[in-house]
Amino acid sequence: MRILFFDTKKYDKEFFEKLLPKYQNIEIEYTEVDISEKSAKYTSGYDAICAFVNSDLSEKVINILGQKGVKLILLRCAGFNNVDLKAAAKNNITILRVPGYSPEAVAEHAMALALASNRHIHKAYIKVRENNFSLVGLTGVNFHHKIAGIVGTGKIGAAMCRICHGFGMKVIAYDIYQNPDLDFVEYVDLDTLLKESDLISLHCPLTDDSYHMIQAETIAKMKNGVVLVNTSRGALIDTEDLIKGIRNHKFHSVGLDVYEEETENVFENREDDILETSITSRLLSFPNVIVTSHQAFLTEEALEAISYITLENAKTFEEGNIIEQNIVKL
């Protein structure tokens, strides 16, 4: 099997190359270019392509892949909201993903954002580098004995529940499907979670129902001084309404690893560019907001798991014995 690996970063190649010798029937060619209508034209002769969470897998791109004979799209991620599933089915292209690689990696980053934004670690770091040891503007709040509201209790959300429980927080959660392993969690409706939580952390997929679930109306229901964290998908939050809420002092702090209109920024060095949108600069202008670069997944353990499962997906597809839980279906 020949695989064209798009949007290759140094850490991607490092971890895939470590495992590749065990898969003698798989050949990978790496390119730093991400997939697009233009680059998809160069996939002739490849059985599969490998893409990531922000890659353009729209109808036009997938149609080109189908014309070039590509039969498999390997997603080295769990999310697939960037994929036109109808176009893939029409072109008889199978889509395999990595549904779980390291839930703890994302959950730990979520808590890191909560702690760092709450205690203004980003501000303290900059101040001390300038020999400013004043404590003004650095006051945080205790999480101990506070209420953590977790939206979505799949593998990542469940890991976040356990972390918050370990901090001595009361944990409440909202999910259509309740996780029976979380016997210390109280499941409530979304309105109750919004009203009672001191920390709200989002861990749900982006769907038509969850799009802009955090907007003016839901923000108004939150406690004043709430800490909000999002490590899932940017479009779960209406950014304009979030900014209004920050300006109205609704939030003690906000930690975002994802945000709307991040696609062009994800994993890229754009320090010399004039950005097309002001959303990033507007968010970063607030002293109580931390934005990171979609890095919640980025641990050695997660990268190793992503590499292994992706290669296993390729192997089992070639053998006609696909891992059912990894298939993305309409």
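In these legends, helices (H or I, at least four residues) and strands (E, at least two) are DSSP runs, numbered from the N terminus. You are looking at a predicted model, where local features need pLDDT of at least 70 and side-chain atom pairs count only at pLDDT 80 or more, while totals for chains, interfaces and linings use all residues. Residues are numbered from 1 along each chain as its sequence is written, and side-chain values use heavy atoms, with hydrogens and water left out.

**View A. The whole chain, for orientation.**
The protein chain holds 11 helices and 12 strands. Its radius of gyration is 21 Å, close to the 20 Å that the globule rule gives for 330 residues, so the chain is as compact as a globular protein of that length. Here the radius is taken over C-alpha atoms, and the rule is 2.2 Å times the number of residues to the power 0.38. Along the principal axes, the C-alpha atoms fill a box of roughly 60 × 50 × 35 Å. Of the 330 residues, 52% count as buried (buried means under 20% relative accessible area, exposed over 50%, and partly exposed in between, with a 1.4 Å probe and protein chains only). The accessible surface comes to about 16500 Å², and carbon and sulfur atoms contribute 50% of it; such areas come from the Shrake-Rupley method with a 1.4 Å probe, and for residues only the protein chains shown count as cover. Among contacts with a separation of 6 or more, 68% link residues 24 or more positions apart (a contact means heavy atoms within 4.5 Å).

**View B. The five-stranded sheet is open and parallel.**
Its strands follow the order 2-1-3-4-5, and two strands count as paired if DSSP finds at least two bridges between them. Strand 2 and strand 5 are the edges, each pairing on one side only. Neighbouring strands of this sheet are turned by 20 degrees against each other on average, direction ignored. Helix 11 (residues 300–319) packs on the sheet and touches strand 1, strand 2, strand 3 (48–51), strand 4 (72–75) and strand 5. The direction of helix 11 makes about 160 degrees with that of strand 4; axes are lines fitted to C-alpha atoms, for helices over the stretch in contact, and angles run from 0 to 180 degrees between N-to-C directions.

**View C. Strand 1 and strand 2 run parallel, with helix 1 between them in the chain.**
Four bridges join strand 1 (residues 2–5) to strand 2, and Ile3 has Ile28 as its bridge partner in strand 2. From strand 1 the chain passes through helix 1 (residues 10–19) to strand 2, a right-handed β-α-β crossover. Right-handed says that, with the strands pointing away from the viewer, the path from the first strand over the helix to the second runs clockwise. Helix 1 lies across strand 1 and strand 2, at about 165 degrees to strand 2. Take a look at the side chains of strand 2 (residues 27–30), which alternate: Ile28 and Tyr30 point to one face and are buried, whereas Glu27 and Glu29 point to the other and are not.

**View D. The seven-stranded sheet is also open, with parallel pairing.**
The strand order is 8-7-6-9-10-11-12. Strand 8 (186–187) and strand 12 (289–291) are its edges, and each pairs on one side only. Strand 11 (residues 251–256) and strand 12 run parallel and are joined by three bridges; Leu256 has Val291 of strand 12 as its bridge partner.

**View E. Helix 4 and His109.**
Helix 4 (residues 103–118) lies across strand 9 (199–202), strand 10 (226–230), strand 11 and strand 12, and runs at about 140 degrees to strand 11. His109 sits in helix 4 and is buried, with a relative accessible area of 14%. Leaving aside residues up to four places away in sequence, His109 touches Thr231, Asp257, Thr292, Gln295 and Ala296.

**View F. Three loop residues.**
Gly79 lies in the loop between strand 4 and helix 3 and is buried, at 15% relative accessible area. The C-alpha atoms of Gly79 and Pro205 are separated by 7.5 Å, although the two residues are 126 apart along the chain. Asn92, in the loop between helix 3 (85–90) and strand 5 (94–96), is exposed at 56%. The phi of Asn92 is near 55 degrees, a positive value in a residue other than glycine. His145 is in the loop between helix 5 (121–129) and strand 6 (147–151), is exposed at 65%, and has a positive phi near 70 degrees.
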